[in-house]
Amino acid sequence: DTGRETSSPGTELSENQAKKEKERLIKELQLITEERNDLRDRLRFLTERSMKNRSHFRPNPYYEDLERMEEAVMSILHNLEMENTEVHENNHKLKKEITFSR
């Protein structure tokens, strides 16, 4: 037994501390890994949702057709209003002439 070294109480204590520190670091690493995975999943979800929402901003040919039709209808409406105003003015002039000639 004389050639055999025995661990001193100081060495035993530092090995015990090292083991506890290793366990603490392993738990911390697991928590950090879980948080990273959670954040990665959230980012993936938001990115996919963002990509899906972009499809609403893509030009819709039916919507573009409706916009062109609306422009045409609004133009026709404007022309009819102008024509109506002109007819109303002409009608008013004719009434004045009729009244004047009587």
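Me: Is aspartate 41 buried, partly exposed or exposed?
Reply: Aspartate 41 is partly exposed in this predicted model. Its relative accessible area is 44%.

Me: What does aspartate 41 pair with?
Reply: Aspartate 41 makes a salt bridge with arginine 44. The closest N and O atoms are 3.3 Å apart.

Me: Where do those two sit relative to each other in the helix?
Reply: Aspartate 41 and arginine 44 are in helix α1, three residues apart, so about one helical turn separates them.

Me: And arginine 44, buried or exposed?
Reply: Neither; arginine 44 counts as partly exposed, at 43% relative accessibility.

Me: Back up a bit. How many helices and strands in the chain?
Reply: Two helices and zero strands. Helix α1 covers residues 9-54, and helix α2 covers residues 61-101.

Me: What percentage of the residues is buried?
Reply: Buried residues come to 0% of the 102 in the chain.

Me: How much area does the chain expose, and what share comes from carbon and sulfur?
Reply: The chain exposes about 10600 Å². Carbon and sulfur atoms supply 56% of that area.

Me: OK, salt bridges again. How many in the structure?
Reply: Five. One of them joins the side chains of glutamate 21 and arginine 24, at 2.7 Å from N to O.

Me: Which helix are glutamate 21 and arginine 24 in?
Reply: Both are in helix α1, three residues apart, or about one turn of the helix.

Me: How accessible are they?
Reply: Glutamate 21 has a relative accessible area of 36%, which makes it partly exposed. Arginine 24 is also in the partly exposed class, at 43%.

Me: What about helix α2, which residues pair there?
Reply: Among them, arginine 68 forms a salt bridge with aspartate 65. The closest N and O atoms there are 2.7 Å apart. Both residues lie in helix α2, three residues apart, about one turn of the helix.

Me: Aspartate 65, buried or exposed?
Reply: In between: aspartate 65 is partly exposed, with a relative accessible area of 34%.

Me: Which residues do shared salt-bridge partners join into a network?
Reply: Glu21, Arg24 and Glu28 are joined into one network by salt bridges that share partners.

Me: Last topic, surface charge. Which residues gather in the negative patch?
Reply: Glu64, Glu67, Glu70 and Glu71 gather in a patch of negative charge on the surface.

Me: Where is glutamate 70 found?
Reply: Glutamate 70 is in helix α2.

Methods. Residues are numbered from 1 along each chain as its sequence is written. This is a predicted model: local features need pLDDT of at least 70, side-chain atom pairs count only at pLDDT 80 or more; totals for chains, interfaces and linings use all residues. Side-chain values use heavy atoms; hydrogens and water are left out. Helices (H or I, at least four residues) and strands (E, at least two) are DSSP runs, numbered from the N terminus. Buried means under 20% relative accessible area, exposed over 50%, partly exposed in between (1.4 Å probe, protein chains only). Accessible areas come from the Shrake-Rupley method with a 1.4 Å probe; for residues, only the protein chains shown count as cover. Patches are made of residues with over 30% relative accessible area and no salt bridge: like charges are joined within 9 Å, nonpolar side chains (Val, Leu, Ile, Met, Phe, Trp, Tyr) within 5 Å. A salt bridge is a side-chain nitrogen of Lys or Arg within 4 Å of a carboxyl oxygen of Asp or Glu. Lys and Arg count as positive and Asp and Glu as negative; His and the chain ends are not counted. The place of a charge is taken as NZ of Lys, CZ of Arg, CG of Asp or CD of Glu.
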